[in-house]
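Visitor: I have a structure open in front of me and would like to learn how to read it. Could you walk me through it, feature by feature?

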Amino acid sequence: MELETPNRQRLAYDELLAGQWARALGRKNRKSSAGRVLQSDGKLAQDVRLAFGHALTGAQERSIDEILGDMAKPERMLRLLQGDVGSGKTIVALCALATAVQAGSQGALMAPTEVLARQHFATIKPLADKVGLRIDLLTGREKGKQRSDMMAKLAAGELDILIG
């Protein structure tokens with residue numbers, strides 16, 4: 001049986017097109033849902049940049065500008081920040097989180113694994129301490145009283161950012 005027949009090519013095309021349409025419709029529906037406008041004068045994000053101690057790259061600055069532009073809109077933000085290991089995604093995320101905190105909200109940085117969450121916490125904690133951001137780490141290891149105390153602090157507004 002030949003795999004590259006016109007019928008198979010057409011079927012593959014139809015499946016690809018249907019998948020793209022489904023994703024586009026889902027994205028449109030999610031994007032049309034109301035979001036929250038999170039805007040600030042940028043002072044806290046600038047403090048994070050200064051505490052970082054290194055100049056951000058042009059790509060990092062553009063990413064931050066685009067993210068903050070999306071956060072200032074009343075629509076939900078649908079954005080993927082992609083880059084190589086060590087390319088500075090964490091500092092970009094922290095600047096966005098700082099903007100949310102300065103706008104009166106709390107933020108969460110979610111990692112796909114506990115190991116990565118702990119790495120993010122170790123990287124972010126010194127910067128957060130320098131600029132006065134109150135952060136903590138929540139993973140599956142935190143149980144019982146420790147977990148409930150952390151959740152109470154979060155509910156009371158005593159934490160700005162939770163990493164998990």
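Guide: Gladly; we will go through the sheet, the largest pocket, the salt bridges and a few single residues. Please keep in mind that this is a predicted model.

Visitor: Let's begin with the sheet. How many strands does it have, and in what order do they stand?

Guide: To read a sheet, look for the order of the strands and the sense of their pairing. Here the sheet is open and has 3 strands, in the order 1-3-2, with parallel pairing. From one strand to the next, the twist averages 20°.

Visitor: Which strands stand at the edges?

Guide: Those are strand 1 and strand 2. Each has a single partner strand, so one side of each is left without a neighbour in the sheet.

Visitor: And over how many bridges do strand 1 and strand 3 pair?

Guide: Strand 1 and strand 3 pair over 3 bridges, in the parallel sense. To find one of the positions on your screen, look for A108, whose bridge partner in strand 3 is L162.

Visitor: Now the largest pocket. What is its volume, and which residues are the closest to its centre?

Guide: With a pocket, start from the volume and then ask what lines it. The largest pocket here has a volume of about 1,000 Å³. It is lined by 33 residues, and M77, A93, A96, A108 and L109 are the closest to its centre. You have met A108 already, as the bridge partner of L162.

Visitor: Which elements supply the lining?

Guide: At least two lining residues come from each of helix 3 (58-71), helix 4 (89-102), strand 1 (107-109) and helix 5 (114-131). Helix 4 gives the largest share, with 6 residues.

Visitor: What classes of residue make up that lining?

Guide: The lining has 18 nonpolar residues, together with 8 polar and 7 charged ones.

Visitor: Charged residues bring me to salt bridges. How many are there in the whole structure?

Guide: A search of the whole structure finds 13. For each one, read three things: the distance, the places in the chain that the pair links, and how exposed each partner is. Take E66 and R79, whose side chains meet in a salt bridge at 3.1 Å, N to O. E66 lies in helix 3 and R79 in the loop between helix 3 and helix 4, so the pair ties together parts that are 13 residues apart in sequence.

Visitor: Are those two buried or exposed?

Guide: Both partners are in between: E66 is partly exposed, with a relative accessible area of 43%, and R79 is partly exposed as well, at 39%.

Visitor: Where in the chain are the partners E142 and R118?

Guide: First the contact itself: E142 forms a salt bridge with R118, and their closest N and O atoms are 3.6 Å apart. The pair links distant parts of the chain, with E142 in the loop between strand 2 (135-137) and helix 6 (144-155) and R118 in helix 5, 24 residues apart. E142 counts as buried, at 8% relative accessibility, whereas R118 is partly exposed, at 29%.

Visitor: And how do D160 and R134 meet?

Guide: Their side chains meet in a salt bridge at 2.8 Å, N to O. This pair also links distant parts of the chain: D160 is in the loop between helix 6 and strand 3 (161-163), and R134 is in the loop between helix 5 and strand 2, 26 residues apart. D160 is buried, with a relative accessible area of 10%, while R134 is partly exposed, at 39%.

Visitor: Which residues are joined into one network by salt bridges that share partners?

Guide: That network joins E66, D70, K73 and R79.

Visitor: Finally, how do I compare distance along the chain with distance in space?

Guide: Pick two residues, count along the chain, and then check the separation of their C-alpha atoms. P74, in the loop between helix 3 and helix 4, is 38 residues from R36 along the chain, yet their C-alpha atoms are separated by 5.6 Å. A55 lies in the loop between helix 2 (43-52) and helix 3 and is exposed, at 74% relative accessible area. A55 and G104 are 49 residues apart along the chain, and their C-alpha atoms are separated by 27 Å.

Visitor: What about T99, buried or exposed?

Guide: T99, which lies in helix 4, is buried, with a relative accessible area of 4%.

Terms used: Residues numbered from 1 in each chain as written. Predicted model: local features only at pLDDT ≥ 70, side-chain atom pairs only at ≥ 80, totals over all residues. Heavy atoms only, no water. 1 Å grid on protein atoms, 1.4 Å probe; cavity = no way out; pocket = protein on both sides within 12 Å on 5 of 7 lines; lining within 4 Å. Points joined across faces, edges and corners; volume = space filled by probe spheres on them. Helix = DSSP H or I, 4+ residues; strand = E, 2+ residues; numbered from the N terminus. Nonpolar A, V, L, I, M, F, W, Y, C, P; charged D, E, K, R; others polar. Salt bridge = Lys/Arg side-chain N within 4 Å of Asp/Glu carboxyl O. Buried < 20%, exposed > 50% of the residue type's maximum accessible area, 1.4 Å probe, protein only. Pairing = 2+ DSSP bridges. Axes fitted to C-alpha atoms, helices over the stretch in contact; angles between N-to-C directions.
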